[in-house]
Amino acid sequence: LMHFLSVHSGKNFMCRLQCMFSNSSSSERIASTLPSFPSMASCRLSLEDTQQWSQSLERLLESKYGLATFRNFLKSEYSDENIEFWLTCEDYKKIKSSFRMSSRAKKIYEQFIKAESPKEINIDYQTREQIKRNVKTPTVHSFDDAQKIVYGLMERDSYPRFLRSDIYRTLLENLAADAT
């Protein structure tokens, strides 16, 4: 039934992602990581769009649905701190108010940078110390070095694993089947 729904329910993206694993051994673990996105109910995800995610990490992250799929993959592996940090930095760069920037910089430091923080990212000591100094008088560029390091880690490690994952491969297979 779940496979039937997956193939015959139009292009409902999150339903697809949740349903496609109904026959896999890791279905419960993966399905439990997928949040509901009511706004995606009318998603029209094409095979071509999904295939383009394999061209580069940048292309994947530019896609609303590529990003959502990649985040869910990382959550399923309990390794989502890098993408969460990267996205948080992207939002941080949009802050105009210096008061808000200062407050947010401290939160980012406490959550991702500080040693033993809840979502500590893997960066070198020098970068960590530089950010510690930057947070005292934050600018839009306070986290740039760490963000570049994290992007590189995702590009070299997480992204290739995602491209080989059941999540991505099954999504491609289901879209290809629907296209015929």
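## A walk through an all-helix chain

Buried residues account for 43% of the chain's 180 residues. Keep in mind as you look around that this is a predicted model. The chain has 11 helices and zero strands, so read from the N terminus on, the elements simply go α-α-α-α-α-α-α-α-α-α-α. On the outside, the chain exposes about 10100 Å², with carbon and sulfur atoms supplying 50% of that area. As for how the chain folds back on itself, take the contacts between residues at least 6 apart in sequence: 63% of them join residues at least 24 apart.

Let's start with helix 7 (residues 81–92) and helix 8 (98–113). Their axes come within 11 Å and cross at roughly 170 degrees. That angle is over the 145-degree cut-off, which means helix 7 counts as roughly antiparallel to helix 8. If you want to trace the contact between them, look on the helix 7 side for Glu81, Glu84, Phe85, Thr88 and Tyr92. Their partners in helix 8 are Met101, Arg104, Ala105, Ile108, Phe112 and Ile113.

While you're in helix 8, stop at Gln111. Is this residue buried or exposed? Neither, quite: Gln111 has a relative accessible area of 29%, and because that value lies between the 20% limit for buried and the 50% limit for exposed, the residue counts as partly exposed. Setting aside neighbours within four places in sequence, Gln111 is in contact with Ser117, Pro118, Lys119 and Glu120. Glu81, which we met on the helix 7 side of the pair, is 30 residues from Gln111 along the chain, yet their C-alpha atoms are separated by 9.7 Å.

Next along our tour is helix 9, covering residues 125–134. At its start, a side-chain oxygen of Asp124 reaches to within 3.2 Å of the backbone nitrogen of Gln126. Which residues of this helix are buried? They are Thr127, Arg128 and Ile131. Looking down the axis of helix 9, you'll find these buried residues within an arc of 100 degrees, so they line one face of the helix. That face has company on two fronts: the buried residues pack against helix 8 and also against helix 10 (144–164). Swing round to the other side of helix 9 and you come to Tyr125 and Gln126, which are exposed. Gln126, then, is an exposed residue whose backbone nitrogen has the Asp124 side chain for a partner.

Helix 8 ties this part of the tour together: helix 7 runs roughly antiparallel to it, and the buried residues of helix 9 pack against it.

Definitions and conventions:
Residues are numbered from 1 along each chain as its sequence is written. This is a predicted model: local features need pLDDT of at least 70, side-chain atom pairs count only at pLDDT 80 or more; totals for chains, interfaces and linings use all residues. Side-chain values use heavy atoms; hydrogens and water are left out. Buried means under 20% relative accessible area, exposed over 50%, partly exposed in between (1.4 Å probe, protein chains only). Helices (H or I, at least four residues) and strands (E, at least two) are DSSP runs, numbered from the N terminus. The arc is that of the directions from the helix axis to the C-beta atoms. Contact means heavy atoms within 4.5 Å. A polar contact is a pair of N or O atoms within 3.5 Å; within protein, one must be able to donate a hydrogen and the other to accept it, and residues adjacent in sequence count only if both atoms are side-chain atoms. Accessible areas come from the Shrake-Rupley method with a 1.4 Å probe; for residues, only the protein chains shown count as cover. Axes are lines fitted to C-alpha atoms, for helices over the stretch in contact, and angles run from 0 to 180 degrees between N-to-C directions. Angles under 35 degrees count as roughly parallel, over 145 as roughly antiparallel, 65 to 115 as roughly perpendicular and the rest as oblique.
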